Every structure is written in structure tokens, then in C-alpha cells.
Amino acid sequence: MKRKHIMALLAVAALGLTACRGKDAKAPAEDLEAEKGETELPSYEPVLYEDLTSRIVSMGNYKGLEAVRNIKEVTDEEVRDEADRMKKECTDLVTVDREARKGDVVLIDFTGYVDQETSDELSGKERSLEIGSGEFVPGFEEQLIGAKAGSDVEVNVTFPEDYYEEMAGKAARFEVHVHSVQEYDMEDWGDDFIKEKLGYDNETDMLAAVRKEMEADAEEEADENLEYDLVAALLDACQIEIQEADVKLYSDQMMSEYAAYAAMYGMDLDTFLGSYMGTTEEQLRKAFRETAAFRVQMTLVFHEIAEKEGLKVSEEEYRERLGSVAADYGYEDTSEVEAVYSRAEMEEELIQEKVLNLIRDYAVIS
């Protein structure tokens with residue numbers, strides 16, 4: 001499993017939809033409020049410690065764990081790419097009658113074959129893809145350069161070794177039909193455009209602000225990766241008997257979170273996943289399994305540590321978190337949060353956060 005933000009495994013998943021976002025842009029919850037008149041918390045059944053039937057056979061040492069905090073350097077090229085991405089979100093696409101180039105957006109149907117067999121996971125209809133975005137498997141997008149609207153292209157790739165198990169390292173052949181080729185209308189990407197669409201005075205100010213935000217993100221990512229590495233090292237030192245029923249509980253919860261957000265935006269789950277995430281429920285469930293198993297182990301071990309260390313949630317801490325969640329969703333009355341977000345769930349998150357902080361405090365970090 002790739003590194004994941006540990007705190008994100010403890011809390012409600014926040015799904016953001018693509019929008020034209022400048023420095024004063026609204027968060028997804030605010031966008032929803034403007035559209036529906038009020039912001040709603042997603043509702044689903046949480047998984048709690050007492051729901052689990054898995055058990056710890058032996059505990060590893062949770063004090064003195066060693067890890068490295070690496071901060072990724074932000075390059076000028078990355079800053080420019082991010083600024084261009086922001087501009088593209090506010091720029092119209094124009095259909096062109098020519099061969100596709102890097103940076104163009106193509107509308108495609110595709111059917112893939114691995115070992116001469118296809119599946120829903122290898123197929124898609126009318127998918128928009130920016131060539132060079134890195135959205136598809138490495139090598140796929142580059143082979144669409146030179147294609148024209150109405151053409152059929154054969155694309156051959158090899159899935160990375162860290163892809164999910166069924167596809168990892170395997171060769172695949174894709175039959176691709178190109179419906180259209182579009183380019184971004186970049187005729188006027190000057191200071192007037194930047195000020196009107198993105199809220200910055202000029203290009204220089206925009207680049208400086210983007211760099212500052214990306215460097216802050218790099219610091220945050222370093223902390224997230226550090227936390228994951230510490231917890232992964234701890235779990236590796238523990239022996240745990242995992243019940244498949246527990247894994248399913250977490251997988252179901254993660255799927256229900258997506259279903260709840262889809263409902264908030266007035267969509268069924270299939271439409272939401274296909275339109276905004278380019279995936280299917282079956283694909284998501286397969287991707288969830290490893291994370292779900294990780295969450296089972298983490299919950300068991302964290303509660304064992306909390307018991308040993310006497311960590312508890314005070315009434316003041318609960319009320320403070322309740323107020324924070326209410327503020328995040330624009331509620332004045334915390335009872336509206338309590339109606340969909342149980343105390344047990346909130347205390348579960350707080351306990352696990354306390355344990356994570358304790359693990360980090362005792363860690364040897366370089």
C-alpha cells in the first residue's frame with residue numbers, strides 16, 4: 001500500500017470536485033451550500049473498535065520507533081505546471097481538426113485486454129483525457145499523440161509493479177477510439193485573465209503564491225508520510241489475526257462515504273464515480289481492501305496502546321471537536337452534527353489521534 005495520510009484514515013473523507021479555484025475559491029462544502037442552500041454532513045454507519053472481531057496475538061514496541069522526515073523540493077517547473085493547471089480550469093476547450101498533441105484533451109472510448117481477456121476495469125466510454133496529465137497508466141497517453149478525431153488507435157502498455165495485484169506487471173493492449181481532439185483556448189492568459197479568473201494581481205504574484213502553497217503542502221506531506229511510516233513500522237512488529245468480516249466492515253464504510261457524497265450532489269453512486277473519479281464501484285472495492293486491512297490493524301493496536309497509557313477523551317475535548325466539525329460545515333447548532341455524527345465515532349477518532357501523537361512524540365526522527 002502506498003503511503004496514506006494516517007489522519008485521513010481516522011476521519012470522514014472529504015471529496016472535492018474539480019472547479020475553477022483561485023486564491024479566494026470556496027471549498028467543496030461551500031460550493032454545495034451555494035447550490036443547495038445548505039451544507040450537509042455525509043451520513044453513514046461508522047466502524048468502531050467494539051465492532052471488530054480480529055485480535056492481537058503479540059504487540060510490538062511503540063516507543064522509540066525510527067523514521068525519516070523527507071521534504072520534497074518544489075521546482076520552478078512544478079510551480080509553472082500548477083499555475084497552468086489552475087488557468088486551464090478556468091479556460092474553455094476548443095475543438096480542433098488536427099492531430100492530437102501533448103496538452104490536448106481527447107474524448108475516447110477504450111477497451112483493454114490482458115491475457116486476451118477484457119473487463120469493466122479495462123474499459124471506458126467517452127472519457128476525457130488530457131495527454132500528458134499522467135491520469136492513465138504510464139505510456140498510454142503518449143501513444144495518442146498524432147491521433148485525429150474519428151481514428152482508432154492500438155495502445156500497448158505494461159502495468160507498473162505497484163499496480164493492484166491482478167494487473168501488476170502485466171502487459172495490456174487497448175483498442176482506443178478517438179471521438180474528438182480539443183485544445184485549451186490560451187489566447188489571453190495575461191494579467192487581466194489572472195486577475196479576473198483567479199484573483200491574483202499578476203503572473204508574478206500568482207507564481208509566488210503558488211510556490212508558497214506548494215511548499216506548505218510539501219511540509220504537510222512530509223508529516224503525513226512520517227506518520228504513515230511510523231504506524232506501518234509498528235504494525236509490522238505486531239502479530240494480528242485479521243478476520244475478513246472486519247475488512248469488509250471498513251470497505252463498506254469507505255464505499256458508503258462515497259455514496260453519501262454522491263447523494264449530496266444529487267447523483268447515484270455509479271454516475272458520481274464515473275463522472276468525477278473515472279472509476280467503478282468494483283474497482284474501488286478492490287483498491288479499498290488493503291487500506292481496510294490496515295485500518296483494522298491500526299484500530300486494534302491503537303486501542304491497546306490507549307489502554308496501556310490511560311488515554312481517554314474528556315468532555316471538553318469532545319465538545320471542542322464537535323464545535324470544530326460544526327464550524328467546518330457551517331452549522332451554528334452542534335446538535336445538527338450530533339444527529340449524523342455519533343459521539344462514539346468522534347471519540348474513536350480522538351483516541352486514535354492521541355495515540356498517533358504519542359507514537360510520534362516518542363519516535364526517533366531524522
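## Salt-bridge network

E315, R319, E338, R343 and E347 are joined to one another in a network of salt bridges. The model is a predicted one, and by the rule applied here it has a count of 29 salt bridges. One member of the network, R343, has a further contact of another kind: R343 lies over the face of Y318, at 4.0 Å from the ring centre.

## Individual salt bridges

E353 and R321 form a salt bridge in which the closest N and O atoms are 2.7 Å apart. E353 belongs to helix α11 and R321 to helix α9, so this pair ties together parts that are 32 residues apart in sequence. Both E353 and R321 are buried, since each falls under 20% relative accessible area.

Two other salt bridges involve partly exposed side chains. R85 pairs with E82, with 2.5 Å between the closest N and O atoms. R85 and E82 are three residues apart in helix α3 (residues 76-89), and are therefore separated by about one helical turn. R85 has a relative accessibility of 36% and counts as partly exposed; E82, with a relative accessible area of 23%, is partly exposed too. The side chains of K72 and E78 also meet in a salt bridge, at 2.5 Å from N to O. K72 is partly exposed, its relative accessible area being 45%, and E78 counts as partly exposed at 25% relative accessibility.

## A buried acid without a salt bridge

D246 is found in helix α6. The residue is buried yet has no salt bridge. For D246, the nearest side chain of opposite charge is R55, which is 11 Å away. A salt bridge requires the side-chain nitrogen to be within 4 Å of a carboxyl oxygen, so R55 does not qualify as a partner for D246.

What does the side chain of D246 make a polar contact with? The partner is the side chain of S54, at 2.5 Å.

## Nonpolar cores

The largest nonpolar core has 55 residues, and within it L234, I305, V337 and I359 touch the most other members. The elements that give two or more residues to this core are α5 (203-236), α6 (244-264), α7 (269-277), α8 (281-309), α9 (315-328) and α11 (343-362). Which of the elements gives the most to this core? It is α8, with twelve residues.

Apart from this core lies another, of 24 residues. Its members include F110, V114, V153 and A172.

## Aromatic pairs

By the rule used for ring pairs, the count comes to eight aromatic pairs. In one of them, F110 and F140 have ring centres 6.2 Å apart and planes at 75°, so the pair is edge-to-face; the angle between planes must be over 60 degrees for that class. F110 lies in strand β4 (residues 105-113), whereas F140 lies in the loop between β5 (123-130) and β6 (152-158), so the pair ties together parts that are 30 residues apart in sequence.

F110 and F140 are both buried. Ring pairs link these two residues with F136 and F174 into a cluster. F110 thus appears both in this cluster and in the core of 24 residues.

## Charges over rings

Besides the contact of R343 with Y318, a lysine is placed over a ring. The charged end of K63 sits over the ring of Y362, 4.5 Å from its centre.

## Positive phi values

Most residues other than glycine have a negative phi. D115 has a phi near 55°, a positive value in a residue other than glycine. D115 is found in the loop between β4 and β5, and at 57% relative accessibility counts as exposed.

E126 likewise has a positive phi, near 50°, and is not a glycine. Where is E126 found? It is located in strand β5. Is E126 buried or exposed? With a relative accessibility of 56%, E126 counts as exposed, because the cut-off for that class is over 50%.

Key
Residues numbered from 1 in each chain as written. Predicted model: local features only at pLDDT ≥ 70, side-chain atom pairs only at ≥ 80, totals over all residues. Heavy atoms only, no water. Core = buried A, V, L, I, M, F, W, Y, C linked by side-chain atoms within 4.5 Å. Buried < 20%, exposed > 50% of the residue type's maximum accessible area, 1.4 Å probe, protein only. Helix = DSSP H or I, 4+ residues; strand = E, 2+ residues; numbered from the N terminus. Phe/Tyr/Trp six-rings, centres within 6.5 Å; stacked < 30°, edge-to-face > 60°. Lys NZ or Arg CZ within 6 Å of the ring centre and 35° of its normal. Lys, Arg positive; Asp, Glu negative; His and termini not counted. Polar contact = N/O pair within 3.5 Å; in protein donor to acceptor, adjacent residues only side chain to side chain.
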